[in-house]
Amino acid sequence: MRIHILGSGSEGNALVIESDRQRVMVDAGFGIRELSRRLQLVDVAPDTVTGLIVTHEHQDHVRGAGAAARKYRWPVYATAGTVRSDSAKRDERRAMAPGPAEGSLPVSLAIEPPAAKRSTKRRVAKHVVDTHTEVLLDDFAIRFIKAPHDAREPVSLVATVRSTGERIGIAYDVGHISERFIRHFGDLDVLILESNHDERMLATGPYPWPLKQRVAGPNGHLGNAEAGIMARACAHGRLRHLVLCHLSQVNNRPEIALKAMRGALRGSAFRGTLMAAPQDRPITIGPPDQIELGL
Ligand SMILES: [Zn+2]
Ligand SMILES: [Zn+2]
């Protein structure tokens, strides 16, 4: 199992989870050109990706989703609330700007093109998922977990590779943690966890007061301290990789987040690797490609 994090932060989030048999994309928060460029950097051909999971409708998670899903024929998996928010935005746009306004679609999934273009544009297969049933996508079994965040129906998720039993947890855009939330992330091999802000940097930083409140609030983003509490609860001997993600470029630094996390994990059973996912470039987690010597 490998994970290609194409980039993570408020400017865009996208990652590919990969087993020996299948690749699935989670979020597509970069424009399609940038998304394609980053996929190429990690040597993933878009047509080898068999589906796109969208965690919620915020721009940094869906910027390229509609265009990429259409171009590469990726079926989209999202909650009813996330799909609905897309339709609501589309209706709003139509009402505000009648006519061919499609070039200015900045935010939404744009899963279906506007009526005027419908005849010439490819439709995207949408699959509504919920937090009650596990979704089976060939080699992956995906469990969706309700996330406390200020979107319509946001989710975190745990993906199990059915052929190997390996488990990947993805928890970002999470306003606060609870015992109930954490319980879903036990027994993982890889945890990708939001560590958005240093609490003191956010409090004393340049954000306007309402934005500070939103980020630190119960439906905002997870700070370094809370990420530490969650990681400690999930950090058992099996966990091989802990990746901090969605770091704020204003209210955090990788070295600060990593230091806080090392402190939180001191004395725990965790013996895996700890890293922070950058915004500006992809990283790959997991074993390297088998190199054939060609002898
Ligand atoms: Zn969000
Ligand atoms: Zn986000």
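Two strands count as paired here if DSSP finds at least two bridges between them. β4 and β5 have two bridges joining them, and they run parallel. This is a predicted model, and two open sheets give it its layout: one has the order β6-β5-β4-β3-β2-β1-β14, the other β7-β8-β9-β10-β11-β12-β13. Here's a walk through both, then the core and a few backbone oddities.

**The sheet from β6 to β14**

- Seven strands make up this open sheet, and their pairing is mixed.
- At its edges sit β6 (126-129) and β14 (283-285), each of which pairs on one side only.
- If you want a spot to look at where β4 meets β5, find Leu52, which stands opposite Val76 in β5.
- Helix α1 lies across β1 (2-7), β2 (14-18) and β3, and its direction is at about 140 degrees to β1.

**Helix α3 and what it packs on**

- Helix α3 covers residues 65-72, and its buried residues are Ala65, Gly66, Ala68 and Ala69.
- Those buried residues pack against three strands of the sheet order above, β3 (23-28), β4 (52-53) and β5 (76-79), as well as helices α1 (32-41) and α2 (59-62).
- Just past the end of α3 comes Arg73, with a positive phi of about 60 degrees.

**The sheet from β7 to β13**

- This open sheet also has seven strands and mixed pairing.
- β7 (135-137) and β13 (273-276) are the edge strands; each has a single partner, so one side of each goes without a neighbour in the sheet.
- From one strand to the next, the twist averages 15 degrees.
- Strand β8 (residues 140-146) pairs with β9 in the antiparallel sense, over seven bridges.
- Ile142 has Ala159 in β9 as its bridge partner.
- Ala159 also has a bridge partner in β10, namely Ile168.

**Strand β10, boxed in**

- β10 runs from residue 167 to 171, and five of its five residues are buried, so the strand is largely enclosed by the rest of the structure.
- Its side chains alternate: Arg167, Gly169 and Ala171 point one way, while Ile168 and Ile170 point the other, and all are buried.
- On the β9 side, the pairing is antiparallel over four bridges.
- The hairpin of β9 and β10 has five residues between the strands, and Gly165 in this hairpin takes a positive phi near 80 degrees.
- On the β11 side, four bridges join the strands, which run parallel.
- Gly169 stands opposite Leu191 in β11.

**Helices α8 and α9**

- α8 (residues 224-234) has a good number of residues to check: Asn224, Glu226, Ala227, Gly228, Met230, Ala231 and Cys234 are buried.
- The cover over those buried residues includes helices α5 (179-183), α6 (199-204) and α9 (254-265), along with strands β11 (190-194) and β12 (241-245).
- α8 packs on the sheet by touching β11 and β12, and its direction makes about 165 degrees with that of β11.
- α9 lies across β12 and β13, running at about 150 degrees to β13.

**The nonpolar core**

- The largest nonpolar core has 71 residues, and Met25, Leu191, Leu193, Ala231 and Leu244 touch the most other members.
- Strand β9 (residues 155-161) supplies the largest share of this core, with five residues.
- Leu193 is a handy one to click on: leaving out residues up to four places away in sequence, it touches Ala171, Ala227, Met230, Ala231, Leu242, Leu244 and Cys245.
- Of those contacts, Ala227, Met230 and Ala231 are also among the buried residues of α8.

**Positive phi away from glycine**

- Most residues other than glycine have a negative phi.
- Asp27 goes against that, with a positive phi of about 65 degrees.
- Asp27 is found in strand β3, and it has 26 other C-beta atoms within 10 Å; the cut-off for buried is 20 or more, so Asp27 is buried.
- His246 is another case, with phi near 55 degrees.
- His246 lies in the loop between β12 and α9, and it too is buried, with 26 other C-beta atoms within 10 Å.

Definitions and conventions. Residues are numbered from 1 along each chain as its sequence is written. Chains are lettered from A and ligands numbered from 1 in the order in which they are written. This is a predicted model: local features need pLDDT of at least 70, side-chain atom pairs count only at pLDDT 80 or more; totals for chains, interfaces and linings use all residues. A residue is buried if 20 or more other C-beta atoms lie within 10 Å of its own, exposed if 12 or fewer, and partly exposed in between; C-beta atoms are placed from the backbone. Two residues are in contact if their C-beta atoms, placed from the backbone, lie within 7 Å. A nonpolar core is a set of buried Ala, Val, Leu, Ile, Met, Phe, Trp, Tyr and Cys residues joined through C-beta atoms within 7 Å. Axes are lines fitted to C-alpha atoms, for helices over the stretch in contact, and angles run from 0 to 180 degrees between N-to-C directions.
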